[in-house]
Amino acid sequence: MTKPIQITSSSMPDFNEYIKEIKDLWESKWLTNQGEKHNQLEKRLTDYLDTKNIALFSNGHLALEYIIETFQLSGEVITTPFTFASTTHAIVRKGLTPIFTDINPDDYTMQTDNLESLITEKTSAIIPVHVYGNICNVKKIEQLAKKYNLKVIYDAAHAFGITLNGESVANFGDASMFSFHATKVFHTIEGGALTFKDSNLKNRIDSYKNFGITGPESVEFIGGNAKMNEFQAAMGLCNIRNVDREIEKRKLVYARYIEKLSGIAGIRLPYISKGVVSNYAYFPILFNSFKIREEMYQEFLEQGINTRKYFYPLTSQLECYQSQFTPNHTPVALQVSQQILTLPLYADLSFEQVDRICNVIEGIKVKGS
Ligand SMILES: *Cc1c(COP(=O)(O)O)cnc(C)c1O
């Protein structure tokens with residue numbers, strides 16, 4: 001029996017490296033609340049992401065909720081439904097109304113051709129997603145935001161370390177949210193961060209994630225609790241040392257897929273836009289129809305290969321939203337969600353495993369023809 005192939009596999013530092021990193025904690029007994037590890041990681045990430053301002057969080061989702069609060073957004077937020085539940089949930093949980101716009105058929109990020117027509121008196125922000133690490137049309141989005149005085153917050157959960165024409169993805173818009181969840185390219189087990197343009201916000205954001213405390217006897221904001229603890233930060237300190245090597249290995253896997261799958265009719269492969277240095281986080285392929293995607297998903301399962309219908313369904317179709325939204329208004333997103341399948345991709349995936357996955361795709365094409 002060949003071993004099953006998982007969709008993802010968390011990168012792990014050397015066991016002893018992590019033990020060494022957490023050893024101090026038994027002496028300091030300082031386990032959370034802006035500890036030594038937390039502060040070191042903030043510094044390391046400021047360098048790595050080539051950005052000015054960063055705040056670490058217990059996870060990416062809360063980072064998104066907290067920046068919405070920090071900006072005191074209200075009314076409507078323009079966003080896309082082709083994303084993880086988190087993006088839409090953050091908007092709704094903060095009492096805002098998501099206004100869904102469609103995605104581009106090529107890179108799956110927010111369309112910008114008729115974005116302007118969606119802006120109303122009530123619009124306070126745009127929250128686009130750098131889907132699979134494809135960078136949004138940041139120029140157009142920021143131009144509109146400036147014209148209408150809107151905040152731009154990017155969901156950059158997929159985009160850790162990516163650059164566009166040499167500029168770090170962390171520096172677009174007013175703020176960006178990164179997820180350091182175990183399944184992401186860089187992780188702290190659970191964790192996340194905000195990067196943001198306005199340095200004056202640093203104290204306020206740090207205080208919001210710690211109950212709004214601003215001094216020993218002073219609580220200025222109705223904050224919550226979303227702090228990154230020292231064990232998470234220690235994992236981050238180990239993983240950041242290895243992340244470039246991890247991305248190099250992912251790149252080889254990605255290239256193997258491209259080599260094996262190029263020229264197969266009926267599927268569309270991912271591509272990396274001009275000027276982008278990718279982190280090779282995902283390998284989404286688009287089939288010709290919903291039917292074939294469903295068949296492929298089953299076929300993979302039978303062969304012990306776990307793929308993921310990511311993102312499916314659209315967040316606008318989730319049962320918790322009880323048909324409040326109209327998925328037909330975003331036809332491209334609807335179609336892509338029905339035809340997309342992401343294949344396993346991680347640093348330790350062997351070429352042999354990649355070939356096994358690719359053979360399944362070749363097989364079904366022969367059967368279907
Ligand atoms: C992972 C992810 C999130 C949420 O991040 P967590 O750290 O798991 O809370 C949000 N948006 C997208 C697009 C994601 O992939």
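## Where the two domains meet

Domain 1 and domain 2 bury about 3000 Å² between them, and 62% of that area is on carbon and sulfur atoms. Buried area here is the accessible area (1.4 Å probe) that two parts lose on being put together, summed over both. On the domain 1 side, F82, Y132 and V185 lose the most area to domain 2, together 22% of what that side buries.

This is a predicted model, in which local features need pLDDT of at least 70, side-chain atom pairs count only at pLDDT 80 or more, and totals for chains, interfaces and linings use all residues. Residues are numbered from 1 along each chain as its sequence is written, and side-chain values use heavy atoms, with hydrogens and water left out.

## The two domains

Where does each domain begin and end in the domain assignment of the chain? Domain 1 covers 15-237 and domain 2 covers 243-368; such bounds come from an automatic or database domain assignment. Their C-alpha centres lie 25 Å apart.

## A closer look at the interface

Contact (heavy atoms within 4.5 Å) links 33 residues of domain 1 with 34 residues of domain 2. The rule finds zero salt bridges across this interface, a salt bridge being a side-chain nitrogen of Lys or Arg within 4 Å of a carboxyl oxygen of Asp or Glu. It does find 16 residue pairs in polar contact, both at pLDDT 80 or more. A polar contact is a pair of N or O atoms within 3.5 Å; within protein, one must be able to donate a hydrogen and the other to accept it, and residues adjacent in sequence count only if both atoms are side-chain atoms.

Helix 4 (85-93), strand 3 (97-100) and strand 6 (163-164) are the elements that give two or more residues to the side of domain 1 that touches domain 2. Helix 4 gives the most, with four residues. Helices (H or I, at least four residues) and strands (E, at least two) are DSSP runs, numbered from the N terminus.

## The chain as a whole

The chain has ten helices and 15 strands. Its C-alpha atoms fill a box of roughly 70 × 55 × 40 Å, taken along the principal axes.

A search of the whole structure finds 17 salt bridges. In one of them, the side chains of E21 and R241 meet at 2.5 Å, N to O. E21 lies in helix 1 (residues 15-28) and R241 in helix 7 (residues 230-261), so this pair ties together parts that are 220 residues apart in sequence.
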